[in-house]
Amino acid sequence: MITRERNQGPNQGRNQGRNQGPNRGRNQGPTTAQAASRTARRQLNLATRHQLAASGVPEGTITSRTRPGGPWQRLLPRVYLLQTGPPDHRQRALAAVLYAAEPAADPLSGDTAVLTGGAALALLGIRDVPHTPADVLIRAPRRLTGTPEVRPLATARWPRTIAVSGIPSTRPVRAAADFAARCGDPARIRSTLAHVVQAGWCHPQDLHAELRAARLLTRPEVRAAAAELLAGVRSIAEALARDTLTATDLPTPLWNARLYTPDGTFLASPDAYWPDEGVALEIDSAEYHYTRDAWHATLHRRLRLESHGILVVSATPSMIRDTPTQVVDALRTLLTLTQSRPTPPTAQARGHVQLELPVA
C-alpha cells in the first residue's frame, strides 16, 4: 500500500495558501501519489516501473522505497508490491503477468501477456498442481528473458482469455493443455487433466481438441490420459480401476453414466456400471466421508441403487491399488450372479459410452 506523507502540524496547513500564492493549487491534476495509488488499487497493490514513472514517481523515489526495510518490495524485475506485508498467491500470479506484459500495454487486458499452465489452474482451485514458475503466454515472435518465478512462453496461437480473481488467464482447457505440454510426469498429467474435467472446467471433447491442436496427442502419456477422459473416467482412482479392469476378461463398463428411474428421475452416477448385468462399482474415498452427512449420503445412494435392482461393489482407492484381485473377484461374482436372476434392474443408463480415441 502506498505510504502517505506524515501528518502536518496544526498550523502548517493554515499557512500553506500564503506560501503558495493565490493561484497555486487551482485546477491541479491528481498528485503523483494519487495516480500511483489508483494504478495499484486495480492491480492488487502492484505496479511496474513503467507505470510508476508514467504516474510521475521519480526513479529515486522508487529506488529508495524498495530498499530493505522500505515500504515497497521488488517482486520481479521492474515489478513492485506497494505494501510491507508478504504477497499472497494472487499477487504473485499477477506479478508474473505484469512482468511479461508489454510496458506500454494495459496488463489487465490480456492482450500481450496472460497466465496459463499450472499457475492458472491453481487459481481455479485445482489441487496439487505446481504453480511456480508461473507460465505466461506472450505473442510470438516476441522474446522475453525468464526468471526463477516466471517462464514466458511465446505462442502464435493466442488464446481466448478470461479474468480469474482479477488476473488475465487462459481458459481452463488451454491452461490444462499448456500444463501437459511442459510436464514430464505421466502420473501428474493424468491427475491434473482428470481434476480439470471432474471440476467441470471443461468437457473431455474440448480438452481432446485442444490437446490435438497443440500436437500433444503424439505423446503416449497425454494420449492415454485423454483416452480415459473420453471414456468417462473422472479421477485418478477411477483411472486406476480402469487399468485394473482392462487387464481382466470382465466386460467393459460405462464410466460415470447417469442412471434414471423409468419415470425419468435421476437415480445416481456410479463410477463404473455394467448396464446389461445391473452391477455398479462405487469408489468411496475417505476424503469425502469425514462428516456424518457425507457418510449418510453415500449409504442412501447405495440404497437407491439396490432398490432398483442394481448390485453394488464398494471399494476405496487403496483397495483398488493394494488388493485389486479382491475387487475384481467381487465384481466377477456379482456379474455371474446376475445372469440367472429373474428380475432385471429397472434403471436406465444415459451419458458416457466407450469412445474410440481419434487418431492424432
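The following exchange examines how several terms apply to this predicted model.

Visitor: What makes the space lined by A241, T244 and L245, among others, a cavity?

Guide: A cavity is a set of points where a 1.4 Å probe fits but cannot get out. The structure holds 1 cavity of 30 Å³ or more, and its volume is about 40 Å³. Its lining also includes L281, I320, V327, V328 and L331. Helices α11 (236-246) and α14 (324-337) each supply at least two of the lining residues.

Visitor: How do you know whether the lining of the largest cavity is nonpolar, polar or charged?

Guide: Ala, Val, Leu and Ile are among the residues that count as nonpolar. The lining divides into 7 nonpolar residues, 1 polar and no charged.

Visitor: Why is the set of 51 residues called a nonpolar core?

Guide: The name applies because such a core consists of buried residues, Leu and Ile among the kinds allowed, joined through side-chain atoms within 4.5 Å. Those with the most contacts inside the largest core are L115, L121, I167, L193, L207 and L211. Helix α5 (residues 89-100) gives the largest share, 8 residues. Another core, of 20 residues, lies apart from it and includes V233, A237, I283 and V327.

Visitor: What makes β12 and β13 a pair of strands?

Guide: Two strands pair if DSSP finds at least two bridges between them. Strands β12 (residues 272-274) and β13 (residues 279-283) have 3 bridges, in the antiparallel sense, and therefore meet the criterion. L281 in β13 is the bridge partner of A272.

Visitor: Why are β9 and β14 called edge strands?

Guide: In the open sheet, the order is β9-β12-β13-β14. Strands β9 (254-255) and β14 (311-315) each pair on one side only.

Key:
Residues numbered from 1 in each chain as written. Predicted model: local features only at pLDDT ≥ 70, side-chain atom pairs only at ≥ 80, totals over all residues. Heavy atoms only, no water. 1 Å grid on protein atoms, 1.4 Å probe; cavity = no way out; pocket = protein on both sides within 12 Å on 5 of 7 lines; lining within 4 Å. Points joined across faces, edges and corners; volume = space filled by probe spheres on them. Helix = DSSP H or I, 4+ residues; strand = E, 2+ residues; numbered from the N terminus. Buried < 20%, exposed > 50% of the residue type's maximum accessible area, 1.4 Å probe, protein only.
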